[in-house]
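Biologist: Hey, do you have a minute to walk me through this one? I'd like to start with the rings and then wander around a bit.

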Amino acid sequence: MRRIFTVTFSILIAACSSAPPTLKPLPTLDSVPTAAAATVAAPATATLMPTVAPLPTATPAPDSVLCPLSGLPVSKSVLATRRPLMVQIGNSGPERPQFGLAQADLIFETLSEGGITRFSALYLCQDAQDIADVRSARLINLQIIPIFDAILAHVGASAAVLDLIERDIRIRDSRLDYFRNNPGFTLQPERRRPPFDVFTNTQALWDAARSRNVPMPGNPVPEIKTSSNVPLNGINVRALTIHHHSSYWVRWKWDDEASVWTRHISSDVNATGDVPHLDAATARVLTTKNAIIIRAQHKQTDIIEDTLGSRSQNVEITSASGDAIFLRDGQMFKGKWKRDKVNEWFTFTLADGKPYELRPGNTYVHFYDLESPFSPIDVVTR
């Protein structure tokens, strides 16, 4: 079957068979520099800096409203015919660069088994002509799909995860699984070698859902609060690195001219390397307006996810709360997250207790383990 978080949270998806790293005491978020105490450090260097891909700018339609996921204009009539799509996209070396991440309104990056991460990309207000590589479902889907009443698009899952999906009527009756011969997917081995050759696109998935009589739209989509006003007391930063694993990390770099964060990752060959994370369709670096790092408990389960015996991770983000880091407008903010119910969006607050609002645009959400042996935050100030 196709199955398939220093602020530096580092994690490549190391080979599942590699030995686990030696645990080290984990610094707290209080170790992050404050605006008064921050010192300037030399920025990380990149081996390549491709053209920044501008985020799509929607032309307001006569019936324009704000997208509940991004705060950008979208046609009200278009939203009336859609239900959010959550597509599982792989992030191992052979799966990069991916197709379709640049068009997602909201992307969750979660530590998977074997030291790798996987994307759960949410589409509603933008169209993607290609999405790949579509991969298998994980436990995190059971936690975040109910927030949006989303349609899950995936390529199978482990037996235990499939069983949990089947027990959840909210997900079971509105999912599209390539392994169940559901429509909406194509094999394109001429573009990607198996098992990384499952492609889809947003229109195909919405059409496939209609053919299976999945109601559209579904339940109301929660509105993620956005504002063009920058919060007070932020720390100006040039880069922030998220160490998801000993050999894989994500580095967000601020591009002042384009007013976006550009995404960079560790090299597959050299973990100390710094390479732009590109979009496969345009060969341009992936960007975001917002990045959120959620500190949450991760627990290894008994669920086996691959032939090497790697076990699935369960992220505890329901009836829970914790520390968070927010990036927007070239600044970093410390704060908190809270979530009471499985069908609720997160409540984000700043250190002073005021609500935190995102900048209009796309968002990456990183789930980062409370007990990770890796230094949590690596910040380059400016």
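**Rings, a helix and some odd bonds**

Modeller: Sure. R191 lies over the face of F99, 4.7 Å from the centre of the ring. Keep in mind that this is a predicted model.

Biologist: Which other ring has a charged end sitting over it?

Modeller: That would be F346, where the charged end of R339 sits 5.5 Å from the ring centre.

Biologist: And how many aromatic pairs turn up in the whole structure?

Modeller: A search of the whole structure gives 17 aromatic pairs. Take F148 and W345: their ring centres are 5.9 Å apart and their planes meet at 55°, so this pair is tilted.

Biologist: Why is that called tilted?

Modeller: Because planes under 30 degrees apart count as stacked and those over 60 as edge-to-face, with the rest called tilted. The angle for F148 and W345 is 55°.

Biologist: OK, and which parts of the chain does that pair tie together?

Modeller: F148 is in helix α2, residues 139-148, while W345 is in the loop between β18 (331-339) and β19 (347-350), so the pair ties together parts 197 residues apart in sequence.

Biologist: Are those two buried or exposed?

Modeller: F148 is buried, with a relative accessible area of 0%. W345 counts as buried too, at 13% relative accessibility.

Biologist: Which rings belong to a cluster?

Modeller: Ring pairs link F108, F148, F326, F333, W337, W345, F346, F348, Y356 and F367 into a cluster. You'll spot F346 in there, the ring with R339 over it.

Biologist: Back to α2. How many of its residues are buried?

Modeller: 10 of its 10 residues are buried, so the helix is mostly covered. Among them are L139, N141, P146 and F148.

Biologist: What follows α2?

Modeller: D149 does, and its phi is positive, near 50°.

Biologist: Tell me about L139, then. What does it touch?

Modeller: Leaving out residues up to four places away in sequence, L139 touches V161, L164, T301, I303, S312, Q313 and N314. L139 is in helix α2 and is buried, at 7% relative accessible area. Its C-alpha atom is 7.3 Å from that of Q313, although the two residues are 174 apart along the chain.

Biologist: And N141, which side chain does it join in a polar contact?

Modeller: The side chain of Q88, at 2.9 Å. The Q88 side chain also reaches the backbone oxygen of S136, at 3.4 Å.

Biologist: Where is Q88?

Modeller: In strand β3, residues 85-90. Q88 is buried, with a relative accessible area of 1%.

Biologist: New topic: where are the cis peptide bonds?

Modeller: One joins R96 and P97, with omega about -5°. P97 is in the loop between β3 and β4 (106-111). Another joins A132 and D133, with omega about 10°. D133 is in the loop between β5 (117-123) and α2.

Biologist: You said D149 has a positive phi. Which residues other than glycine can you add to that?

Modeller: S259 has a positive phi of about 60°, and it lies in the loop between β11 (248-255) and β12 (260-265). A283 has a positive phi near 60° as well. You'll find A283 in the loop between β13 (275-276) and β14 (287-288).

Biologist: How covered is A283?

Modeller: A283 counts as partly exposed, at 46% relative accessibility.

Biologist: Let's zoom out. How many helices and strands does the protein have?

Modeller: There are 5 helices and 21 strands. The protein has 382 residues, and 57% of them are buried.

Biologist: What about the surface, how much does the protein expose?

Modeller: About 15600 Å², and carbon and sulfur atoms supply 52% of that.

Biologist: Last one. What is the mean pLDDT?

Modeller: The mean pLDDT is 84, and 81% of the residues reach 70 or more. Over residues 1-49, though, pLDDT stays under 50. For that stretch the model has 184 contacts beyond four places in sequence.

How values were computed:
Residues are numbered from 1 along each chain as its sequence is written. This is a predicted model: local features need pLDDT of at least 70, side-chain atom pairs count only at pLDDT 80 or more; totals for chains, interfaces and linings use all residues. Side-chain values use heavy atoms; hydrogens and water are left out. Rings of Phe, Tyr and Trp (its six-membered ring) pair if their centres lie within 6.5 Å; planes under 30 degrees apart count as stacked, over 60 as edge-to-face and the rest as tilted. Helices (H or I, at least four residues) and strands (E, at least two) are DSSP runs, numbered from the N terminus. Buried means under 20% relative accessible area, exposed over 50%, partly exposed in between (1.4 Å probe, protein chains only). A charge sits over a ring if NZ of Lys or CZ of Arg is within 6 Å of the ring centre and within 35 degrees of the ring normal. Accessible areas come from the Shrake-Rupley method with a 1.4 Å probe; for residues, only the protein chains shown count as cover. A polar contact is a pair of N or O atoms within 3.5 Å; within protein, one must be able to donate a hydrogen and the other to accept it, and residues adjacent in sequence count only if both atoms are side-chain atoms. pLDDT is the predictor's confidence in each residue, from 0 to 100. Contact means heavy atoms within 4.5 Å.
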